[in-house]
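Here is a quick tour of how the chains are built and how they meet. Have the model open while you read.

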Amino acid sequence: MDLENQRRVKELTEKYGAENMIVLIGGAEAESAGLAAETVTAGDPTFAGPLAGVPLGLKVYHPVEPEFKESVDPDVYDEQIGMMEMVLDVDSIIEEVKAMRDEHTKY
Amino acid sequence: MRGGEQMGKIKVVHYINQFFAGIGGEEKADHRPEVREEVLGPGLALKAGFKDEAEIVATVICGDSYFGENIEEAKKEVLEMVKKYNPDLFIAGPAFNAGRYGVACGTIADAVQNELGIPSLTAMYEENPGADMFKKAVYIVSTKDSAAGMRDAVKKIVPLALKLVKGEEIGSPAEEGYLERGIRKNYFTDKRGSERAVDMLIKKLKGEEFETEFPMPDFDRVPPNPAVKDITKATIAIVTSGGAVPKGNPDHIESSSAQKYGKYDIEGIFDLNPENGETAHGGYDPVYANDDLDRVIPVDVLRELEKEGKIGKLHRYYYSTVGNGTAVANAKKFAEEFSKELVADGVDAVILTST
Amino acid sequence: MVKEVERAGIPVVHMCTVVPISLTVGANRIVPTIAIPHPLGDPKLEPHEEKALRRKLVERALEALETEVEGQTVFEMK
């Protein structure tokens with residue numbers, strides 16, 4: 001996750017409290033989605049940004065995951081995400097993001 | 001010395017660049033050397049790996065461009081800083097595929113080792129130019145090609161570093177995870193040479209896998225071509241790895257790990273400026289290049305020289321790619337292809353610019 | 001890339017800032033340049049001074065192309 005976004009997540013978390021945060025990430029590939037998820041839960045795995053060594057343990061989801069899909073209006077979902085869902089490697093993305101959440105999310 | 005006396009923690013000084021120190025990106029690559037008595041960036045990962053055995057007492061930070069443009073001064077300044085702490089161990093990087101950073105890490109690890117006599121190591125991707133330059137002189141842990149490989153790198157750096165400090169025996173590159181150093185180690189084995197050679201030959205004939213005991217080094221030097229006889233009649237072509245492209249980067253050459261190169265027509269162009277040229281390169285601060293691309297490919301000057309008859313002709317096309325983390329195999333492929341065109345077009349000489 | 005151009009039979013001069021890298025990649029004719037973000041320029045100078053500097057560097061590069069060399073040779077600014 002780029003440094004600017006890491007900074008924003010950190011600041012918002014400090015302002016509103018980690019238990020009140022959910023991060024929704026939109027990476028188009030499993031590897032980058034996994035890295036972003038890891039960054040906001042266990043800390044920046046590249047140790048280059050403000051979240052290096054800072055495990056926020058936040059709730060994090062990717063829009064293609066069932067937890068998100070099932071909690072939003074299906075028509076809006078279809079309109080906004082339907083197309084991308086067909087071309088993305090949905091299973092791999094879910095696998096990567098869920099793994100990070102299961103292991104590192106504290107809330 | 002008393003029997004049960006506990007050894008203090010191993011003191012480590014860590015060297016990183018401006019980016020991993022959180023100071024900034026390319027726009028801060030001219031950051032002069034400074035030292036902070038803190039653990040920063042990747043140092044946090046090293047600290048976790050070392051647990052109680054070692055501690056980073058200071059982190060030296062230096063901008064990649066400052067180091068690359070002032071190697072002697074930067075080396076001196078950094079060595080002074082390291083000396084002050086009298087550490088037991090020095091670690092630079094990991095630099096992954098960042099070329100300037102890798103060269104800086106290799107240079108400084110080598111200097112600390114030789115001039116201060118302190119065990120040193122660094123880490124980078126095998127294609128980093130710093131690797132070829134320093135793998136024989138310094139232990140370089142082999143890493144992935146991006147910072148996504150940080151955990152993997154630290155996992156290898158920590159045990160090797162501890163072995164180095166403690167003076168323990170270092171195993172083979174494959175075992176310990178460092179780049180081959182070109183060192184031959186004699187060892188005793190049960191089978192005699194002749195038997196091992198025959199075993200290998202039989203495997204080879206059968207088409208089975210076998211491992212050579214002596215990998216040949218890769219020399220690949222190309223001898224220089226004869227000089228240009230009459231430069232006033234020569235056609236000169238520009239090639240660049242600085243990412244120079246027409247305004248708008250029409251071919252979308254990637255800012256790093258380029259997958260393609262461009263061939264661009266400068267017919268009728270006598271000067272590059274923000275209207276007709278820009279850089280696609282993501283590995284250096286682009287502001288100066290975007291302001292005047294002649295600073296990367298000297299079209300304005302070559303046109304003048306052409307007009308004055310000092311050179312025969314500036315070739316109509318220039319070839320460009322981005323050298324930032326671009327795989328060696330790709331760069332080689334691009335150049336093989338366009339060199340054929342250069343030959344076919346009767347180009348007599350090439351000026352190749354890099355950043 | 002320098003090696004491939006050389007391999008194709010065309011004399012090539014590498015203009016680059018970090019000379020050790022140029023040596024490592026196997027360039028035979030090398031002209032050191034000003035700085036990484038602006039190898040053939042210097043934004044601190046007046047435009048006409050900068051162009052004069054660029055011209056000197058390019059002329060050195062042309063000299064390098066006109067000089068027979070045995071192996072890797074660095075052509076510093078005179």
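## Two domains in chain B

In this predicted model, the C-alpha centres of domain 1 and domain 2 of chain B sit 34 Å apart. The domain assignment puts domain 1 of chain B at 10-176 and domain 2 of chain B at 231-353.

So how many residues link up across the two domains? Five residues of domain 1 of chain B are in contact with five residues of domain 2 of chain B. Sort the domain 1 side of chain B by class and you get three charged residues, one polar and one nonpolar.

## Where chain B meets chain A

Now for the contact between chains. On the chain B side, eleven residues are in contact with eight residues of chain A. Which elements of chain B give two or more residues to that side? They are α1 (42-50) and α6 (150-166) of chain B. Of the elements, α1(B) gives the most, with three residues.

As for class, the side of chain B that touches chain A has eight nonpolar residues, along with two polar and one charged. Set that beside the side of domain 1 of chain B that touches domain 2 of chain B, where three residues are charged and one is nonpolar.

## Who touches whom

Two pairs of chains are in contact, and chains B and C are the pair that shares the most contacts. What about chains A and C? No contact joins chain A and chain C, and the closest C-alpha atoms of these two chains lie 22 Å apart.

## A closer look at chain A

Chain A has five helices and two strands. Reading from the N terminus, its elements go α-β-α-β-α-α-α. The radius of gyration of chain A is 14 Å, close to the 13 Å that the globule rule gives for 107 residues, so chain A is as compact as a globular protein of that length.

For a feel of the dimensions, picture a box of roughly 35 × 25 × 25 Å along the principal axes: that is what the C-alpha atoms of chain A fill. Of the 107 residues of chain A, 33% count as buried. How are the contacts in chain A spread along the sequence? Taking those between residues at least 6 apart in sequence, 69% join residues at least 24 apart.

Conventions
Residues numbered from 1 in each chain as written. Chains lettered and ligands numbered in written order. Predicted model: local features only at pLDDT ≥ 70, side-chain atom pairs only at ≥ 80, totals over all residues. Helix = DSSP H or I, 4+ residues; strand = E, 2+ residues; numbered from the N terminus. Rg over C-alpha atoms; globule rule 2.2 N^0.38 Å. Buried ≥ 20, exposed ≤ 12 C-beta atoms within 10 Å, placed from the backbone. Contact = placed C-beta atoms within 7 Å. Domains from an automatic or database assignment. Nonpolar A, V, L, I, M, F, W, Y, C, P; charged D, E, K, R; others polar.
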